[in-house]
Amino acid sequence: MAAKYRYGEMTWPEIKAAAQAQSVAVVPVATIEDHGLHLPVDTDLRLCGEVTERAVSQAGDRSVLVPPITHGYSPHHMDFPGPISIGADTFIKYGVDVCRSLAHHGFSRILIVNGHGSNTPFVDIIARLTTVETSALTAAVNYWAAPGVREVAESLRESERVGGMNHACEFETSAYLAIAPQLVDMTKARHELSYRPSKNYWTDLIAGDGPLVMMENWSALSQTGVMGDPTKASAEKGEKLLAAAAAGIVELIDEMRAREPAKRQDHH
Ligand SMILES: [Zn+2]
């Protein structure tokens, strides 16, 4: 039998052994929210799930894949039918409780892999709190920001820089096409940039955000829920993006394993 890497499929002695072997507990985090007229509401969950599944299966016994935190922070999307949004405080507490449980079972390294942009400040806090409150080193990463992904995305990019890769865009649509093309209706894909532009302050997954941090209600920014250009998407691009993201997460798994916890010094 091939070695198990999915936490949920393990017995408790197997989980004990994985923790003792310094396996990195990989925790996917996403949300359920509208992704235009052409993509399902599970896009962030599906993409993040695929990237982490590939990464952890490639990493062998160096990591385990914890079942995902499905719901996230999407209050600005509620004008569209579909989003299931969890309040900021609930979300943080839930995430810390998940990580605290993993630390309790002996996992000394936890990597939160996030698939939804608006979860970013909260997964940062979840990682910080877990690291200072437990003995587990805990870090968070957005999968599209894993090492190497930006370079691959920019080399494939046909949409505007900045703005073409943001939400239900060239990037996300390509990735979904590579996973489950039967669920993507490209006849309904619309090219839509924010119609309230301000110089180059478009948000963009790949090019990065500007210096200002602000999020208006999504319905004030987009008619269809799209931000970017899904008409430039292809399954071929998606496969390369997913492969790059998985390779980047494997790199981070190894980085986490290599990092020894530093000794605290209480100077009181
Ligand atoms: Zn998304």
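Visitor: How many salt bridges are there by the rule used here?
Guide: This is a predicted model, where local features need pLDDT of at least 70, side-chain atom pairs count only at pLDDT 80 or more, and totals for chains, interfaces and linings use all residues. Residues are numbered from 1 along each chain as its sequence is written, and side-chain values use heavy atoms, with hydrogens and water left out. A salt bridge here is a side-chain nitrogen of Lys or Arg within 4 Å of a carboxyl oxygen of Asp or Glu. By that rule, the count is 16.

Visitor: Is Arg 54, the salt-bridge partner of Glu 50, buried or exposed?
Guide: The two side chains meet at 2.8 Å, N to O. Buried means under 20% relative accessible area, exposed over 50%, and partly exposed in between (1.4 Å probe, protein chains only). Glu 50, at 22%, is partly exposed. Arg 54, at 17%, counts as buried.

Visitor: Which residue forms a salt bridge with Glu 154?
Guide: Glu 154 is partly exposed, at 27% relative accessible area. Its partner is exposed, at 57%. The N and O atoms are 2.6 Å apart, and that partner is Arg 161.

Visitor: Which strands stand at the edges of the sheet?
Guide: Strands are DSSP runs (E, at least two residues), numbered from the N terminus, and two strands pair if DSSP finds at least two bridges between them. The open sheet has four strands in the order β2-β1-β3-β4, with parallel pairing. Each edge strand has a single partner, so one side is left without a neighbour in the sheet; these strands are β2 (63-65) and β4 (137-142).
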